[in-house]
Amino acid sequence: MSIKIEALKSRKLIGQVFLERGLIDEEELRTALNVQAESREKLGKLLVDLGYVSERDCLAVVSEHLRIPTVGAADYPTVPVLENVLTYRFMKQCKFVPIALEAGVLKLAMTDPLDYATIESVRQATGHQVQALLGAESEIMDVLERLYGSAASSMGRIIEGMDDGNLGTLSDEIEDVEQLKDLASEAPVIRLVNLLMSKAVESRASDIHIEPFEKDLKVRYRIDGILHDVESPPKKLKAAVISRVKIMAKLNIAERRLPQDGRIKLKVLGKDIDLRVSTLPTMYGESVVMRILDKSNTALYDIRRLGFPEDSLREFTSLIKRPHGIILVTGPTGSGKTTTLYSALDTINLPDKKIITIEDPIEYQMDGINQIQVHSQIGLTFAAGLRHIVRQDPDVIMVGEIRDLETAEIAIRAALTGHLVFSTLHTNDASSAITRLVDMGAEDYLIASSLLGVLAQRLVRVICPHCKEEVFPVPEMLDEIGFRRGNGRRDPDRFFEGRGCERCSNTGYIGRIGIYELMLMSDDLRKLTIGKADSNQIRKKAFESGMRSLRDDGWLKVRQGITSIAEVLRVTQDV
C-alpha cells in the first residue's frame, strides 16, 4: 500500500511541474491521470501519446524532476558500443541502448533510468558499472533499430502498432463521420500526426504538404524554399490522418467537397507554433497544406538580419521613417515580402504612432499594432477595410496586397492625405510595380506624387557553415560576377558551396537570406511615370541613379561567401 501511495504522490508532483511550466492545463492533466489509472503507463509518456506535450518538452521536465541528465541526438553512437553481449530483444523490451563505455563505466540511454532491475541485469551481463541517463523513446528506438535491428523508423513503429484492432483493417475511404472522429482520436493516429509536425519543426520546414495520390499518400516538407520528400504513412491511413488534422484545426470533417481554412496552435519542441491549415479537394481525396509560423522567433523581425547591404539598409530605413507616401514591396509568393513589411513596422512601432494593418491572413500577431483580418464572405475586402481604416486616425497603414484598382486608389488617396502606406504587389522587379499600377487603372500623376520607393526581393539559401568548402568557378562566370583578383593590396574574392552533411540534411544549405533591389523615386522617375514610360525605360533610369539589381545583390552575397552562384541563378532572371 505504501508503494502505491508514494507512486501517487510522485505522479501528482510531476503533473504539477507540467502545469507550472504551462505545457498543459488542468483539464488535460485530469484526462491523462484518468487514462493512467487504467493503463498504468508513466504520466509523461501518456501526455506525449495524447498529443498534449512534445517528447522533447516531456524529457526536459522528467530530467529536472528526477535530477538525471538527458541524452541529446548528438550523444548517440554511430557504431555499436557493445556487440554480442546484450540481445537486441532485451534492449528493445527494456527500452535502452548503450551510448558510451568510458573508464569501465557503461553509459545507457534509458526511457526509465529508475528501472533498477534492468540496470542490475546489464551490470551483471557486462561486468561494467552502469550510469543511467534519460533519453527520448523515439531516439532510443531509432538508434537501437539502426545499430542492432532492422532499422525501422519512428513512423514504422507507430504503424506497426496499428496492426491490431480497428486501425489494422482500415480502408483509405471512410464515409461515416462518427467512425472518422473515433479513428482520428486513436492514440497511434495522434502520435503519427504529432510526429509529422514535430519532425517538420525540427527540419526547419516552412510548410507541410500531405497529398493523396492513386497509389500512395505523400508527405513533403518545404525547407528553405525547396520541397523534400519525407517518410509517409501508408495510403490506408489517409482518412484518419487528414481527419486528425482537420479536427485539430477545428474544420468540418464531414465536408470534403469544398476547400477549408483553419489554424492549429500548439507547442512543439518548447516553441509556440501556429499552423495555418488549408484543405483542397482533389481527385484522390483532400490535399492538406500546413504553413508553420513560429511565434517565438522574435528575431525574425530584426530588419538588420534580413540581408540588406549597408547602403540599402540605410536608404530603406530612411524611407520607412518618412511621414507620408506609399512604399511597395514586390516579388513572387514565398519571397519574404510579409517578413520585410513586419520588420519595417516593428522598426517604426513607437508610442507616438498608430499603426493599422489589413491582411489576408494575419500571419503573426504584433504588439502595439491593430491588425484586421480580411473576410471577403461578409464584405470585408482590402478596399472596404482600407476605406474604414483611414477614419481611425492612423499614422501608418499596411495593406497586405494591392489586388485591384479600388484598393490602389484608396491607398494612393491615403498617402496623399498624410498617411504612410505599406503594401505588396506581385511583380518580377521594382520598375514593373509602376506599370502594374498604371495597368490597373491608377492615374499616373497620382502614382508619381505618392510613391516613395519600391523594394523587389527574393530569398536565397545560405551555405551550411558546417560543410562549407571553397570552389573555383569557370572564368566566364567570374567575369559576370565581377570577380576581384588579388593585386597585393587586397585579397581576391573566394567562392564557396556546401558539400552536404547531417546538419543540413545533405542539402549544403541552412536557412535563407534576402537579396534586394531598392528603387527610390526621383524627379526623373516621376517624369517617366507621368510620361507613361514602359518598365524598361524606368528600369534603365533607375540603374543610372545607382540602383543595384537583384542579381547584382546576389553576386555581392556570393563574393561574401554567404550563398552560392547556383542559388543566385536559380532565383533571379538575367536582365
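**View 1. The buried glycine G508 and its surroundings.** G508 is buried in this predicted model, its relative accessible area being 0%, which falls under the 20% cut-off for a buried residue. This glycine belongs to the loop that runs between β17 (495–498) and β18 (509–520). Although G508 and G498 lie 10 residues apart along the chain, their C-alpha atoms are separated by 3.8 Å. When neighbours within four places in sequence are left aside, the residues in contact with G508 are V462, I463, C464, C467, G498 and G500.

**View 2. The charged end of K468 over the ring of F496.** In this close-up, the charged end of K468 sits over the aromatic ring of F496, at 4.9 Å from the centre of that ring.

**View 3. The stacked pair F308 and F316.** The model holds 4 aromatic pairs, and one of them is formed by F308 and F316, whose rings are stacked with 5.2 Å from centre to centre and 20 degrees between the planes. F308 has a relative accessibility of 8% and therefore counts as buried, and F316, at 1% relative accessibility, likewise counts as buried. Together with Y516, the residues F308 and F316 form one aromatic cluster.

**View 4. The edge-to-face pair Y342 and Y364.** A further aromatic pair consists of Y342 and Y364, which meet edge-to-face, with their ring centres 6.2 Å apart and an angle of 85 degrees between the planes. This pair links distant parts of the chain, since Y342 lies in helix α14 (residues 337–348), whereas Y364 lies in the loop between β11 (355–359) and β12 (370–373), the two residues being 22 residues apart. Both tyrosines, Y342 and Y364, are buried.

**View 5. The packing of helices α20 and α21.** Two packed helices are described by the angle between their axes together with the distance between the axes. For helix α20 (residues 523–530) and helix α21 (residues 535–544), the angle is about 175 degrees and the axes are 10 Å apart. Angles over 145 degrees count as roughly antiparallel, and α20 and α21 are therefore roughly antiparallel to each other. On the side of α20 the contact is made by D524, L525 and L528, and on the side of α21 by Q537, I538, K541 and A542. Sorted by class, the residues in this contact of α20 with α21 comprise 4 nonpolar, 1 polar and 2 charged residues.

How values were computed. Residues numbered from 1 in each chain as written. Predicted model: local features only at pLDDT ≥ 70, side-chain atom pairs only at ≥ 80, totals over all residues. Heavy atoms only, no water. Axes fitted to C-alpha atoms, helices over the stretch in contact; angles between N-to-C directions. Helix = DSSP H or I, 4+ residues; strand = E, 2+ residues; numbered from the N terminus. Parallel < 35°, antiparallel > 145°, perpendicular 65-115°, else oblique. Contact = heavy atoms within 4.5 Å. Nonpolar A, V, L, I, M, F, W, Y, C, P; charged D, E, K, R; others polar. Phe/Tyr/Trp six-rings, centres within 6.5 Å; stacked < 30°, edge-to-face > 60°. Buried < 20%, exposed > 50% of the residue type's maximum accessible area, 1.4 Å probe, protein only. Lys NZ or Arg CZ within 6 Å of the ring centre and 35° of its normal.
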